[in-house]
Amino acid sequence: MANKYLIWGGKGWIAQQLADMLQARGEQVQTTTVRMEDREAVKAELDSVKPTHVLNCAGCTGRPNVDWCEDNKEATIRSNVIGTLNLADLCYLAGIHITVFATGCIYQYDDAHPRDGPGFTETDKANFSGSFYSETKAHVEEVGCPQQQQTSRFSTPHPHSTRTHAHIHADKRTPIQIMKYYNNALILRLRMPVSDDLHPRNFVTKITKYERVVDIPNSNTILHDLLPLSIAMAEHKDTGVYNFTNPGAISHNEVLTLFRDIVRPSFKWSNFSLEEQAKVIKAGRSNCKLDTTRLEAKAKEYGLALPEIHEAYKGCFERMKAAGVQ
Ligand SMILES: NC(=O)c1ccc[n+]([C@@H]2O[C@H](COP(=O)([O-])OP(=O)(O)OC[C@H]3O[C@@H](n4cnc5c(N)ncnc54)[C@H](OP(=O)(O)O)[C@@H]3O)[C@@H](O)[C@H]2O)c1
């Protein structure tokens, strides 16, 4: 049977890029805007379209940015937790492979993972709870724990329980990565995605428009390199969790220096500290490097390039320049 792709969150930025890419390859592809948390409507859509693959690009990302999620927590949970699990569950019941475009913004540098140290692997527990958006994304991967449901960060101990907060704290170290138990689900953790144009959602567009930027190394997803790999992984029905960025980490100033040198020679910017940034944003922002060992092996297996992040940025900006972007 030929593959048939159904893309959820059909009007979104990444969804539209995937739809264009699949159409250009001559694949059967449809998009949908059905709300993920509406179980009956999702089931009806799956029954009607009968996809072999769902690409879930839907998510509550907030407008103008994730600060929105701080003030709209129920809506954020309904999309990013209930909706995401609901869609994966209905795909599971129908025998459909699902690729979830998730986020790696669930970590922050810590003593075991300093800025110049090892990146976070797929099995490291999320340690960033500075933004409600990231919390919901992390909870979809890690809900509850093997011993007791009550160890979820959403719940408190039952009044008659003999389990103390110390037990519960200990249990938090062994969360169930819920999504990875769905044997039809591939979870791709993107970070700060970058396209070859200056679309408003492109990470580069965002930081070129800020009055001041912090300067911290981060893992980034250059979509030109990573979207074809996501399609290859979906085609092969890969499952499990993958850090989905180019290898390595790059600082804001390194990105902007390359942007100035290749795309816009007149570009200037100024920096500020994390403390100063905290005064002008509502939700915290995750800064981290992800370990891409597993993904690099996949790219090699499928014969696809996955350049180191500095090289990937150079390629991206060269393509922008060639296309006349200024
Ligand atoms: N762009 C980034 O910086 C970034 C970074 C890492 C990960 N991601 C993840 O990648 C995915 C796609 O991101 P994107 O940048 O393409 O986001 P986007 O442009 O905001 O698109 C998301 C789409 O999802 C739809 N949506 C939201 N809640 C939904 C629900 N409950 N049911 C159905 N559709 C829903 C939105 O529609 P409405 O507007 O009508 O609600 C929107 O069209 C998201 O899950 C995001 O969290 C993005």
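**Reading the terms in this model**

Me: In which hand does H1 pass H8, and what makes a crossing count as such?
Reply: H1 (13-24) passes H8 (residues 223-235) in a right-handed crossing; that term applies if the near helix is turned clockwise from the far one by less than a right angle, whereas an anticlockwise turn counts as left-handed. Helices here are DSSP runs of H or I with at least four residues, strands are runs of E with at least two, and both are numbered from the N terminus. This is a predicted model, in which local features need pLDDT of at least 70 and side-chain atom pairs count only at pLDDT 80 or more, while totals for chains, interfaces and linings use all residues. Residues are numbered from 1 along each chain as its sequence is written.

Me: Why is H1 called roughly perpendicular to H8?
Reply: The axes, which are lines fitted to C-alpha atoms over the stretch in contact, with angles from 0 to 180 degrees between N-to-C directions, come within 11 Å and cross at roughly 65°. Angles of 65 to 115 degrees count as roughly perpendicular, under 35 as roughly parallel, over 145 as roughly antiparallel and the rest as oblique, so H1 is roughly perpendicular to H8.

Me: Which residues make the contact between H1 and H8?
Reply: Gln-17, Leu-18, Met-21 and Leu-22 of H1 and Leu-223, Leu-227 and Ile-231 of H8 make it, where contact requires C-beta atoms, placed from the backbone, within 7 Å.

Me: How do you know whether Ala-58 is buried or exposed?
Reply: A residue is buried if 20 or more other C-beta atoms lie within 10 Å of its own, exposed if 12 or fewer, and partly exposed in between; Ala-58 has 26 such neighbours and therefore counts as buried. Ala-58 lies in the loop between E3 (53-56) and H3 (67-71), and, leaving aside neighbours within four places in sequence, it is in contact with Trp-8, Gly-9, Gly-12, Met-36 and Gly-83.

Me: What makes Lys-50 and Lys-237 worth a second look?
Reply: Most residues other than glycine have a negative phi, yet Lys-50 has a positive phi of about 50° and Lys-237 one of about 55°. Lys-50, in the loop between H2 (39-49) and E3, has 12 C-beta neighbours and so counts as exposed, whereas Lys-237, in the loop between H8 and E7 (240-243), has 14 and is therefore partly exposed.

Me: Where is there a cis peptide bond?
Reply: Most peptide bonds are trans, but a cis bond joins Arg-63 and Pro-64, with omega about 5°, and Pro-64 lies in the loop between E3 and H3.

Terms used: Contact = placed C-beta atoms within 7 Å.
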